[in-house]
Amino acid sequence: MRERHVEIHELQADLNGCLEEVQQGTTLLLTDGEHRVARIVPEPKPCDAEQNGPLILPGKGKPRKFTPRARLRGEGTMADIVRENRR
């Protein structure tokens, strides 16, 4: 992403030119002397999913409910839990 510092008086003098830069992807950092005042950023472009609707993946039937296989039984170290779940 490109950024360019623009003085307020420059923005006032060439608003159309500055807005064209923003439309092309440039972020403008507005300054008043050495102090930053504002930032003008381009509007994000819609991604393919927003343009084409929801993404539907091919699959077999309804999605299954996820059930975790590892269960903590009693107390022990992580190594104990891993050993127990390998049985």
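At 45% relative accessibility, E3 falls between the 20% and 50% limits and therefore counts as partly exposed. In this predicted model, E3 forms a salt bridge with R39, with 3.2 Å separating the closest N and O atoms. E3 belongs to strand β1 (residues 2-7) and R39 to strand β3 (residues 35-40), so the pair ties together parts that are 36 residues apart in sequence. Its partner R39 is likewise partly exposed, with a relative accessible area of 46%.

The E3 pair is one of three salt bridges in the structure. Side chains of opposite charge can pair when their charged atoms come close. A further salt bridge brings together the side chains of E10 and R4, at 3.1 Å from N to O. Here E10 is partly exposed at 29% relative accessibility, and R4 is partly exposed with a relative accessible area of 26%. R4 also takes part in a salt bridge with E21, where the closest N and O atoms are 2.8 Å apart. Because E21 sits in helix α2 and R4 in strand β1, this pair ties together parts that are 17 residues apart in sequence. Shared partners join R4, E10 and E21 into one network of salt bridges. E21 itself is partly exposed, its relative accessible area being 23%.

Turning to the interior, the largest nonpolar core is made up of six residues: V6, L11, C18, V22, L28 and L30. Two elements, α2 (15-23) and β2 (26-32), each supply at least two residues of this core. What does L28 touch, leaving aside residues up to four places away in sequence? The contacts of L28 are with R4, V6, C18, E21, V22, A38, R39 and I40. Among these neighbours, V6, C18 and V22 are fellow members of the nonpolar core. R4 and E21, also touched by L28, are the two residues that pair in the 2.8 Å salt bridge. R39, another contact of L28, is the salt-bridge partner of E3.

Strand β2 also holds T31. This threonine has a relative accessibility of 7%, which is under 20%, so T31 counts as buried. Its side chain is joined to that of E7 by a polar contact of 3.3 Å. Residues up to four places away in sequence aside, T31 touches H5, V6, E7, I8, R36 and V37. The list thus includes E7, the polar partner of T31, together with V6, a member of the largest nonpolar core.

Technical notes
Residues numbered from 1 in each chain as written. Predicted model: local features only at pLDDT ≥ 70, side-chain atom pairs only at ≥ 80, totals over all residues. Heavy atoms only, no water. Core = buried A, V, L, I, M, F, W, Y, C linked by side-chain atoms within 4.5 Å. Buried < 20%, exposed > 50% of the residue type's maximum accessible area, 1.4 Å probe, protein only. Helix = DSSP H or I, 4+ residues; strand = E, 2+ residues; numbered from the N terminus. Contact = heavy atoms within 4.5 Å. Polar contact = N/O pair within 3.5 Å; in protein donor to acceptor, adjacent residues only side chain to side chain. Salt bridge = Lys/Arg side-chain N within 4 Å of Asp/Glu carboxyl O.
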